Amino acid sequence: MIVKSFGGVEGVTGSCHLVNVGHLNFLIDCGMFQGVDEDKNYEPFGFNPAKIDYLILSHAHIDHIGRVPLLVKQGFKGKIISTRATYALARIMLLDAVKVMSEEYKVNYKKALRRGKPEEVKPVLYDEDDVFQAMEHFKIFLDYDESYKLSKDVTITFRNAGHILGSAYVELLVNDEGRSKKVIFSGDLGTNNKLVIREKEYPENGDFIFIESTYGDRKHKPLPETINEFKTAIIESFKDGGNVVIPTFALERAQEILFILRTMYDNGELPPCKIFLDSPLAIAATKLFLQFPNQLNDEVLKLLKQNKNPFVFPWVYFTESVEESRKINEIESGAIILAGSGMCTGGRIKHHLKHNLWRENSSVIFVGYQAEGTLGRQIVDGAKYVKIYGEEIAVKAKIYTINGFSAHADQENLLDFIKQTKGVDTVFLIHGEPKIQEIFKEKIKEALNLPTHIVKRYENVYIV
């Protein structure tokens, strides 16, 4: 058995791992590179897509599914395997990716025309037709703990990864040259406390683990402390009579924030306000959550059994159209505005920041990581002025940064995942920054005394 990684190594994004067992070739994930690595999306895959028999998807984040249409466009004719929730989310996520790429292309092309160098603009990776074509390849849907034979020698089983709706880690039971072994690919793993979905399951046993290491160097703030910090920020924000702007990732974070606001509303903790979910993608994702009640945790299911929507209550408004979004900016006080993108790099959030950042009685609450170089990071780092659509905007609103909502397991969670898996021979680190992986590798050695290898891009990893 040979594993060769073409993404999701030497960095966090672009997850793509090719597994070869005899004549069988299959991929685990086919994600888009993001941030500083995004130029890699235009590089060749490094393998022939036409020779891939199966594509197994761990979950629907773009850095795990974003190049699936490109894979199909370049010759993939095999079957895609996922949970049904991942299939449903993949459709809206990929169509949104097309929209974002198309808008970026138009802006960059106009700039290049003015420079007299339109040939410098890279084309979009794929269009809507390519997405619809890719969706036709989703053929096999597995529930958690359900198995499927890829061949007489390879069986896969999905387990709940507790990361986002529909997320799974993959257990491979492989009979290779007469020897049976279990290989685990973690995908992305969730924390031990989840606001909306069920917590992850732990493997009973496994010989080899390919595990994500995004936060292998740190421990997250406890969730109850994070929730209290968020509630305090909301209540304080309304004392001066302005608006509250929350840059929100459409998948998982938007639903978690709505659920906390619902709880505050039910408990009489929420000041009178209007709450706007101003993101077509987040609205579509929120509706999908209710279609998969078996993946929701007991607290959310309790609300559903009381005929209460965990994400919608009388003060919540879904604004899908551009016109509805613009009308929000006519409101001077008493509004909570949830909009994307989560790092303020585009989308409707920039318009809301433009109308509220300069107002001393308004607030901005950051509930997600802000990458270096983004507008969100500038604000978090204390910029006095920022540029939005070419206009200089003063930063006078109150800024709150709440860091405990991560959907990724921290160092303690990751170590626990390995520790609870009996019979581990070797740990392979994927999906992490090199410096963080070195720290995590040392921690595994110190805490568990297991052989650990940091996987490199294009490296052949032999499982024997």
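The following exchange examines how several descriptions of this predicted model are justified.

User: Why is α3 called roughly antiparallel to α4?

Analyst: The axes of α3 (residues 84-115) and α4 (residues 128-135) cross at roughly 165° and come within 9 Å. Angles over 145 degrees count as roughly antiparallel, and therefore α3 is roughly antiparallel to α4. The crossing of these two helices, α3 and α4, is right-handed.

User: Which residues of α3 and α4 meet, and what makes a residue of this contact count as nonpolar or charged?

Analyst: From α3 come Y87, A90, R91, L94, L95 and V98, and they meet E128, V131, F132 and M135 of α4. Ala, Val, Leu, Met, Phe and Tyr are among the types that count as nonpolar, whereas Glu and Arg count as charged. The contact of α3 with α4 accordingly divides into eight nonpolar, no polar and two charged residues.

User: Why is α6 called oblique to α8?

Analyst: The axes of α6 (residues 253-266) and α8 (residues 298-305) cross at roughly 55°, coming within 12 Å. Roughly parallel requires an angle under 35 degrees, and roughly perpendicular requires 65 to 115. The crossing angle of roughly 55° therefore makes α6 oblique to α8. The crossing of α6 and α8 is left-handed. In this contact F259, R262 and D266 of α6 meet E299, V300 and L303 of α8; the residues divide into three nonpolar, no polar and three charged.

User: What makes β7 and β21 edge strands of their sheet?

Analyst: The open sheet has seven strands in the order β7-β8-β9-β10-β11-β20-β21, with mixed pairing. β7 and β21 each have a single partner strand, so one side of each is left without a neighbour in the sheet. Neighbouring strands of this sheet are turned by 20° against each other on average, direction ignored.

User: How do you know that β7 and β8 pair?

Analyst: Two strands pair if at least two bridges are found between them. Four bridges join β7 to β8 (residues 154-160), and the two strands run antiparallel. One of the bridge partnerships links K149 with T155 in β8.

User: Which helices pack on this sheet, and at what angles?

Analyst: α12 lies across β9, β10, β11 and β20, running at about 165° to β11. α13 touches β11, β20 and β21, and its direction makes about 160° with that of β20. In α12 (residues 411-419), the buried residues are Q411, N413, L414, L415, F417 and I418. These buried residues pack against α13 (434-448) as well as β9, β10, β11 and β20.

User: What makes both faces of β16 covered?

Analyst: In β16 (residues 363-366), S363 and I365 lie on one side and V364 and F366 on the other, and all of them are buried. Buried requires under 20% relative accessible area. In a regular strand the side chains alternate between the two faces of the sheet. β16 pairs in the parallel sense with β12 (residues 244-247) over two bridges, and V244 stands opposite S363. Four bridges support the parallel pairing of β16 with β19 (residues 398-401), where T401 is the bridge partner of F366.

User: Where are the edges of the sheet that contains β5 and β6?

Analyst: This open sheet has seven strands in the order β6-β5-β4-β3-β2-β1-β22, with mixed pairing. The edge strands are β6 (138-141) and β22 (460-462), each of which pairs on one side only. β5 (residues 79-82) pairs with β6 in the parallel sense over three bridges, and F141 in β6 is the bridge partner of S82. α3 lies across β5 and β6, running at about 150° to β6.

User: Why are D145 and Y458 called partly exposed?

Analyst: Buried means under 20% relative accessible area and exposed means over 50%, with partly exposed in between. D145 has 42% relative accessibility and therefore counts as partly exposed; Y458, at 38%, is likewise partly exposed. D145 is found in the loop between β6 and β7, and Y458 lies in the loop between β21 and β22. The phi of D145 is near 70°, a positive value in a residue other than glycine. Phi of Y458 is also positive, near 70°.

How values were computed. Residues numbered from 1 in each chain as written. Predicted model: local features only at pLDDT ≥ 70, side-chain atom pairs only at ≥ 80, totals over all residues. Heavy atoms only, no water. Contact = heavy atoms within 4.5 Å. Axes fitted to C-alpha atoms, helices over the stretch in contact; angles between N-to-C directions. Buried < 20%, exposed > 50% of the residue type's maximum accessible area, 1.4 Å probe, protein only. Left-handed = near helix turned anticlockwise from the far one by under 90°.
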